[in-house]
Amino acid sequence: WGRWSTCSKSCGGGFQHRSRRTLRESKLGGKPCDGEMRQVQSCGTASCGLAMDCQWEDWDQWGACTRCDGEMIRVREIRHLGNDLGKRCEPSDSRQVAQCNECPKKQTFWCVWAEWKEGACSATCG
């Protein structure tokens, strides 16, 4: 057998292989070579370290409402992505949407007439 290959990963689980070759084929009724030509085994199975979850920055302030009965939005940025052992950052967790209920109360204004004024006649009759 040849030497084991370098492990495909140093931690978190990898594989390595080794192989062999036939030096001389059997002849004149001799026993043929039997068995596998290549072996594979696991390696690098130690943990890669501590699990690191996604970490978010604080939320920004709420944005302005799109209209009085519309929506307002706030966002936040990723502080740390985390690693393969921890919780990943979900893109949907970076944005929040809320309803706006800031419409002014409707006021009704009625037409209001001023008092009649007496004025001089624009023409003389006669």
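Which link is left-handed, with -100° about the S-S bond? Select Cys65 and Cys100 to see the answer: the disulfide between these two is the left-handed one, at -100°. The model on screen is a predicted one.

**Stop 1: Cys65 and Cys100**

Stay on this pair and display the sulfur atoms, which are 2.0 Å apart. Cys65 sits in the loop between β3 and β4 and Cys100 in the segment after β6, so the disulfide ties together parts that are 35 residues apart in sequence. Switch on a surface and compare the two ends. Cys65 has 22% relative accessibility and counts as partly exposed; Cys100 has 2% and counts as buried.

**Stop 2: Cys54 and Cys89**

The structure holds three disulfides, and the next selection is Cys54 with Cys89, joined at an S to S distance of 2.0 Å. The torsion about the S-S bond is 105° here, which makes the link right-handed. Cys54 belongs to the loop between β2 and β3, while Cys89 belongs to the loop between β5 and β6 (95-99), so parts 35 residues apart in sequence are tied together. Cys54 and Cys89 are both buried.

**Stop 3: Cys7 and Cys43**

Now select Cys7 and Cys43, whose sulfur atoms form a disulfide at 1.9 Å. This link is right-handed, with 95° about the S-S bond. Follow the chain from each end: Cys7 is in the segment before β1 (14-19) and Cys43 is in strand β2 (residues 38-43), so the pair ties together parts that are 36 residues apart in sequence. Cys7 counts as partly exposed at 23% relative accessibility. Cys43, with a relative accessible area of 9%, is buried.

Two other cysteines can be selected for their accessibility. Cys33 counts as exposed at 55%, and Cys111 is exposed with a relative accessible area of 63%.

**Stop 4: Arg79 and Glu57**

How many salt bridges does a search of the whole structure find? The search returns one. To display this salt bridge, select Arg79 and Glu57, whose side chains meet at 3.4 Å, N to O. Arg79 lies in strand β5 and Glu57 in the loop between β3 (55-56) and β4, so the pair ties together parts that are 22 residues apart in sequence. Both ends can be checked on the surface: Arg79 counts as partly exposed at 47% relative accessibility, and Glu57 counts as partly exposed at 34%.

**Stop 5: Arg76**

Next, select Arg76, in the loop between β4 (71-75) and β5 (78-80). Which side chain of opposite charge is nearest to Arg76? Select Asp93: its side chain is 5.2 Å away, and Arg76 has no salt bridge although it is buried. A salt bridge needs a side-chain nitrogen of Lys or Arg within 4 Å of a carboxyl oxygen of Asp or Glu.

Keep Asp93 selected and show its backbone. The side chain of Arg76 reaches the backbone oxygen of Asp93 at 2.9 Å.

To finish, show what surrounds Arg76. Leaving aside neighbours within four places in sequence, Arg76 is in contact with Trp56, Glu57, Asp58, Trp59, Asp93 and Ser94. One of these contacts, Glu57, is also the salt-bridge partner of Arg79 from the previous stop.

Definitions and conventions
Residues are numbered from 1 along each chain as its sequence is written. This is a predicted model: local features need pLDDT of at least 70, side-chain atom pairs count only at pLDDT 80 or more; totals for chains, interfaces and linings use all residues. Side-chain values use heavy atoms; hydrogens and water are left out. Helices (H or I, at least four residues) and strands (E, at least two) are DSSP runs, numbered from the N terminus. Buried means under 20% relative accessible area, exposed over 50%, partly exposed in between (1.4 Å probe, protein chains only). Lys and Arg count as positive and Asp and Glu as negative; His and the chain ends are not counted. A polar contact is a pair of N or O atoms within 3.5 Å; within protein, one must be able to donate a hydrogen and the other to accept it, and residues adjacent in sequence count only if both atoms are side-chain atoms. Contact means heavy atoms within 4.5 Å. A disulfide is a pair of cysteine sulfur atoms within 2.5 Å.
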